[in-house]
Structure formats: structure tokens, C-alpha cells
Amino acid sequence: MRLIIVVVLVMVAALAFRCKGLMQKNDAYAQQIEQLEQRITEENGRTENIEEFREYTKTDPYIEKVAREKLGLVYPDEIIFQPAG
């Protein structure tokens, strides 16, 4: 009878130890899921920003801005003063 009690106690202790390990793994996975969900939210926001910029690049104000800044273009009747230097 004592042998059965000892065996049962050993099995309960082994199960408790295993259960604790599984709970720690579960907590780690839950934290990882939370981090991944936050990253998904950030990436969705970034995707929205990129989509908005893509739409903005199709507008006349953007085209004019690029033409002025990158290409140095001006309107025919526009006078540009450059600093002496």
C-alpha cells in the first residue's frame, strides 16, 4: 500500500512539474502573440501611409513640387531671384 502511495505521489509531482513548464511556455507564447499582433497593427498603419502617399503622388501639387525641387522647373512667366554668391 505504501508503495502505491509513493508511486502516486511521484507521478503527481512529475505532473505538477510538467504542468508548470507548460504554463511558462503558454505565457511566453501569449506574449509572443501580443507582440506579433502589435507588429501587424503597426504594419497595417504603415501600409495605409504608403497607400496615401501613392495616391498623393498622382496629384498635380506633388508633380509640381517634384518638378520645382528636383528638376528646377518654373512657370514661363515666373521670375526667380537667386542669391548672389
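**Exercise 1. Determine whether Val8 is buried, partly exposed or exposed, and place Val8 in its surroundings.**

*Solution.* Val8 has a relative accessible area of 43% and is therefore partly exposed; buried means under 20% relative accessible area, exposed over 50%, and partly exposed in between (1.4 Å probe, protein chains only). The model is predicted: local features need pLDDT of at least 70, side-chain atom pairs count only at pLDDT 80 or more, and totals for chains, interfaces and linings use all residues. Residues are numbered from 1 along each chain as its sequence is written, and side-chain values use heavy atoms, with hydrogens and water left out.

Next, Val8 is located in helix 1, which covers residues 2–56. Helices (H or I, at least four residues) and strands (E, at least two) are DSSP runs, numbered from the N terminus.

Finally, a nonpolar surface patch consists of Met1, Ile4, Ile5, Val8, Leu9 and Val12, with about 640 Å² of accessible area together. Patches are made of residues with over 30% relative accessible area and no salt bridge, like charges being joined within 9 Å and nonpolar side chains (Val, Leu, Ile, Met, Phe, Trp, Tyr) within 5 Å. Accessible areas come from the Shrake-Rupley method with a 1.4 Å probe; for residues, only the protein chains shown count as cover.

**Exercise 2. State how many salt bridges the rule gives, and describe the pair Glu43 and Arg46.**

*Solution.* A salt bridge is a side-chain nitrogen of Lys or Arg within 4 Å of a carboxyl oxygen of Asp or Glu. The count by this rule is 4 salt bridges.

In one of these, the side chains of Glu43 and Arg46 meet at 3.4 Å, N to O. Glu43 and Arg46 are separated by about one helical turn because they stand 3 residues apart in helix 1. With a relative accessible area of 35%, Glu43 is partly exposed.

**Exercise 3. Describe the salt bridges of Arg54 with Glu51 and of Arg68 with Glu64.**

*Solution.* For Arg54 and Glu51, the closest N and O atoms are 2.6 Å apart. Both residues belong to helix 1, with a spacing of 3 residues, about one turn of the helix. Arg54 is partly exposed at 39% relative accessible area, and Glu51 is likewise partly exposed, at 36%.

For Arg68 and Glu64, the closest N and O atoms are 3.3 Å apart. This pair lies in helix 2 (residues 60–69), 4 residues apart, about one turn of the helix. Arg68, at 32%, is partly exposed; Glu64, at 33% relative accessibility, is partly exposed. Salt bridges that share partners also join Glu51, Arg54 and Glu55 into one network.
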